[in-house]
Amino acid sequence: MEYNFRNIEQKWQKTWDEKDTYKAEIDKDKPKYYVLDMFPYPSGAGLHVGHPLGYIASDIYSRYKRLNGYNVLHPMGYDAFGLPAEQYAIQTGQHPAITTDKNIKRYKEQLVKIGFSYDWDREIRTCDPDYYKWTQWVFIELFEHWFNKKTQKAEPIAELIKTFESEGNKDVDAACDETSLFTADEWKKKSEKQQQEILLNYRLAYLADTMVNWCAELGTVLANDEVKEGFSVRGGYPVVQKKMKQWSLRISAYAERLLNNLEKLEWTDSLKEIQRNWIGRSEGAEMKFKLKDSDLEMEIFTTRPDTSWGVTFMVLAPESELVPQVTTDEYKDKVDEYIKETKKRSERERLADAKTVSGQFTGGYAINPLTNQEIPIYISDYVLMGYGTGAIMAVPGHDSRDFKFARHFNLPIIQVVVKDGEEPTDPQTWDDSYDGKEGKMIHSGFINGLDVNEAIEKTIQHIEKEGIGNRKVNFRLRDAIFSRQRYWGEPFPVYFKDGIPYPVKKENLPLELPEVDAYLPTDKGEPPLGRAKDWHTEEGYPYELSTMPGFAGSSAYYLRYMDPHNNNALVSKEANEYWQDVDLYIGGTEHATGHLIYSRFWNKFLFDIGWVCKDEPFKKLINQGMIQGRSNFVYRVKGTNKFVSYNLRNEYEVTPIHADVNIVNNDILDTEAFKNWNPEYKDAEFILEDNKYVCGYAVEKMSKSLYNVVNPDDIIEQYGADTLRMYEMFLGPLEMSKPWDTNGIDGVHKFLRKFWRLFHDNDFNFSVSEDEPTEDELKILHKTIKKVTEDIERFSFNTSVSAFMICVNELTDLKCNKKAVLEPLAIILSPFAPHITEEIWSLCGNIGSITVADFPTYEEKYLVESSFEYPVSFNGKMRFKIKLPMDISAKDAEKQVLGHELAQKWIEGKTPRKVIFVPKKIINIVI
C-alpha cells in the first residue's frame, strides 16, 4: 500500500491511548529518566507551529531514553490560572473555568495529533482543587517555618516560639524583618496579637507593607515583567508604584544557596549568568550617616567604603520613608511631584534605564561619618528600595551613574583613587568616572597611599571599631510578592482574627475558589473575592481576599507529576525517592528569572523540611529557540484597491499590507482567496508578473495581528504529524531562533515517502528480504546509527534529520530491502517519526510497540574503510575513478588501473612513461 499518513497516524494514536503505551510507573528494576516540558498556558487561539518546538525535542529524547532501557516519566499539564482567562470573563461574563476547560481540550487535541509520548494519566491543571490543595499546603508550610542563618535552612516556627519562651530572641540569627530585642519574660507578657505580629517578621510567608506595581484598570498588582514603560503589557493600562499590604515569600533567605548551587547544574553558562545577576551578590559594608539637626540616621550599603572621602551627595529612593523626614518645606512640592512621576515606572525599567538622568534636591543634609562634612540629599529613581537600604552615598568620581548625576546637577566631583603609574587630574576635565577597582587612594585620610583592596579592608575595620557601620554581604534578590487582587487564582488558605492572619487547618484543604457575581473589584475597591457570599470560616473569621500569583501553581508542579493522584501528600516518599528530580527540562529563556528562581526556592524549602530528597529540582535545562513567523506582504497602490506584484512595486506609490500566510504558497498569492479573506478586498484588482502575484516577505514574531500564524493542524492535515515533527527539527539547531518557512517542508515529506518505499516493492506491496546484508549496506546503517546516537546525545536534532536523509538515499541507490538493515533503521528513526515507524515495525511482524525495542548500537568494524576510491588522472587531468583495496601495493594498483577498460581510451595504444601512485590520494599516469 502507499504511504497513507492520515490512516497510519490516527491508527497508532488510538492504539497508544487504548494500550496505555506511555504509562509510567515505578519500576525499581530500571533506571529512571524524568523529562519535563515547561507546561503551557492554554489560550483560546490554540497552538501555532512555534509552540511544539521544545515539546518535539523533549519527546525525541524521551523516546530515545526509553529505547535505551530507561523508565521514562514524560508528563504534560496546564498552567491554568491567570489574567487572560479572567479578563475574558470580565468581558463576556463567562466563568473562567469554562473557557479554560475549552482551551485545554483544544490544546490536548492538538498535542495528541502531534504524537507525543505523554503519560496522560498524570495530566494536571493548576486550577483543579485537587491540585491547588497542595499549593495551599506548601504555603501553610512556608507560613509555619522560618530561616535559621546558623543552620542555613528552614525550621519550624513552633521551635522558634520555644526559643522565645526560654531565652528571648537575642541569640536568634534569622532571615527576618527588623525586630526589637526581647527577653523570655517580655515575650511571655505580650498578648497573642503582639506575639503573632512579631512572628510575621520571621515567617517565610509573611504579610507586610510593600511597594507594588498597581494597575487600577485591571484592579490588581502586576509583576515587573507584566509592566512596560509605565503601562500594563496586557491592555496597555497605566501602572503606578503603590504601597500595599501584600503576602510575600522570603526567597531572599535562600539567596546564597540559590547562587552557590548553580555550579552543580547542567545549565548553559548564559542562563547561569542571568541567575547570578538576578541574585546579585555583593560584599561591602553598611554605614550610618547622621542627618543634620536630627537624631535620625541614613543607612547605606556600599561595596566601596574606601571611597567615602569622595562622597559629594546622598541619594534616597523616592519610596524611602526617610524622604518626608529630610525634605524641607521649601522643596516639598517639587519632591512630591517627582515622586508622583516615579510611580509611573516599574523598578525593572528604572534599573535598565542608564541614559536618563533625573532627581530632586530635598533640602536636607547628611553628615559624612569619616569627614564630618555636610552632604546634600537628593532623591532619584535610579536608587531602588529593593537593593540595599534604599539609600546610597554618591561618589561621582568613581561611579558612572553618580558621575552623570553630578554633571547634570553641577555637583562637586572628587578623585580619591588614582591608577597605578598615573598622576591625579582635575575631575572637571573627565568625560566619565574611573570605576576600576585597582589603584592607590588619595585625598582619603588614614587610607592614603593604600591599594584599593587594602583600603577597603582597613576602612571596614575602622567603621566597625567606631560603631558607624559593619561588614555586610548584600543580595539584589528581593522577596517575592505573592498577592494578586484577582479572582482566577489559588485562594490563600488564610483567615483573619483581630487583623492577624492564621492558616486554615491542613485537613480542611483545599479551600476552594468561591463563586462571585462578577469578576471585578467591589464598590469598596476590594478584590473580586470580596463579592463572594459566606467567604469566612464557620466561626465567622474572614478569609484572605487576594489570590496567589501565576507562579504559585508552577513552582512545584514537577513534583506533583511524580504522584498526581495521591490524596495524602504532594508526593509520596516512595515516588520522590524513585523519580528524585527532573533529568531534562526544556523551555524558554523567558522563565530564567521568574519561574526557575521560584521553583528552586520552593524545592530547597521542601528539601529542608524533609519532603523531597534532592535540593535542586532541574538537573539539566535546555532553552529552545523561537520559531519566528514568515510574514507575507501585498502592495496596495495608494488611493486604489489595486495590488501590484512584488517585483513591480517600485513603479508605483504603494502601501505594504500583511496578507494571511495561509493563502500564500511559496510567496505566490491565491488572489481569489485574498478577495474572499477580507470584505475590504472583495473588488481587488491585481497587477501581475508572469501571470502570478508575487508577495514580499519578512521574518517577524509569529502573531495573529501579523497574519503569519501557521496552525499545526493544517500542516498535519496536508503532510502528517511525522513530517511536522521532523521539519521543526530540520529548521535549525534547537537553541537557535529560526523562521518558519513551508517552502522546505515538502522535502521532509518526500523523505518519509522514500523511507516507506524501502519496505515496499514497485506495486507498494510490503516486501523485505531475510537475506544477509552486504558490506556496503551494513556500513551505511552503522554510520547512521553512530551519527544519530551522537546527535541525539548533543540535542543536535537538525543534523540527525540530515543523516536520515543521506542514509535513505544511499540505501535506495543500493535497492536495499534487507530486514537486518531496515528494521534497525526504523528503530533509530522512531523517536523522530513515531507513527510511520510503528506501522513499519508492525508490518515486519513484531509483537508489541516499537517503543519497547532496543536502540541499536553501532559496531566499529563496519565503519572501518576497506577500500578507497582513487581519482585516476592522465597527464594531470582526472578521467575516471576506481575503487581499490585500502592496503593495495603500488605494483598491484598500477596493474589494475592499466588493465581497466577506461584506461585504454586515454592511453591510445601508447606505452605509459610513468605511473605515480600516492596511497589514499591519487593515481596519475604520464603518457
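Biologist: Let me start with one residue: why is Arg-125 called partly exposed?

Modeller: Its relative accessible area is 24%, and partly exposed covers what lies between buried (under 20%) and exposed (over 50%), with a 1.4 Å probe and protein chains only. The value falls between those limits, so Arg-125 earns the name. Please keep in mind that this is a predicted model, in which local features need pLDDT of at least 70 and side-chain atom pairs count only at pLDDT 80 or more, while totals for chains, interfaces and linings use all residues. Residues are numbered from 1 along each chain as its sequence is written, and side-chain values use heavy atoms, with hydrogens and water left out.

Biologist: What makes Glu-123 and Arg-125 a salt bridge?

Modeller: The term asks for a side-chain nitrogen of Lys or Arg within 4 Å of a carboxyl oxygen of Asp or Glu. Here the closest N and O atoms are 3.3 Å apart, so the pair qualifies. The whole structure holds 61 salt bridges.

Biologist: How do you know that Lys-620 and Glu-266 tie together parts that are apart in sequence?

Modeller: Their side chains meet in a salt bridge, at 4.0 Å from N to O. Lys-620 sits in the loop between α19 (595-608) and β23 (621-623), and Glu-266 in the loop between α9 (255-260) and α10 (269-279), so the pair links parts 354 residues apart in sequence. The helices (H or I, at least four residues) and strands (E, at least two) are DSSP runs, numbered from the N terminus.

Biologist: And which label, buried or exposed, suits Arg-600?

Modeller: Arg-600 is buried, because its relative accessible area is 0%. Its salt-bridge partner Glu-616, with closest N and O atoms 2.7 Å apart, is buried too, at 6%. Arg-600 lies in helix α19 and Glu-616 in the loop between α19 and β23, so this pair joins parts 16 residues apart in sequence.

Biologist: What makes Lys-32, Asp-581, Asp-583, Lys-614 and Lys-619 one network?

Modeller: They are joined by salt bridges that share partners.

Biologist: Finally, why can Ile-922 belong to a surface patch?

Modeller: Patches take residues with over 30% relative accessible area and no salt bridge; like charges are joined within 9 Å, and nonpolar side chains (Val, Leu, Ile, Met, Phe, Trp, Tyr) within 5 Å. Ile-922 has 37%, so it passes the area cut-off. With Ile-916 and Val-918, Ile-922 makes a nonpolar patch of about 190 Å². Ile-922 lies in strand β35 (residues 922-926).

Methods: Areas by Shrake-Rupley, 256 points an atom, 1.4 Å probe, with all protein chains shown as cover.
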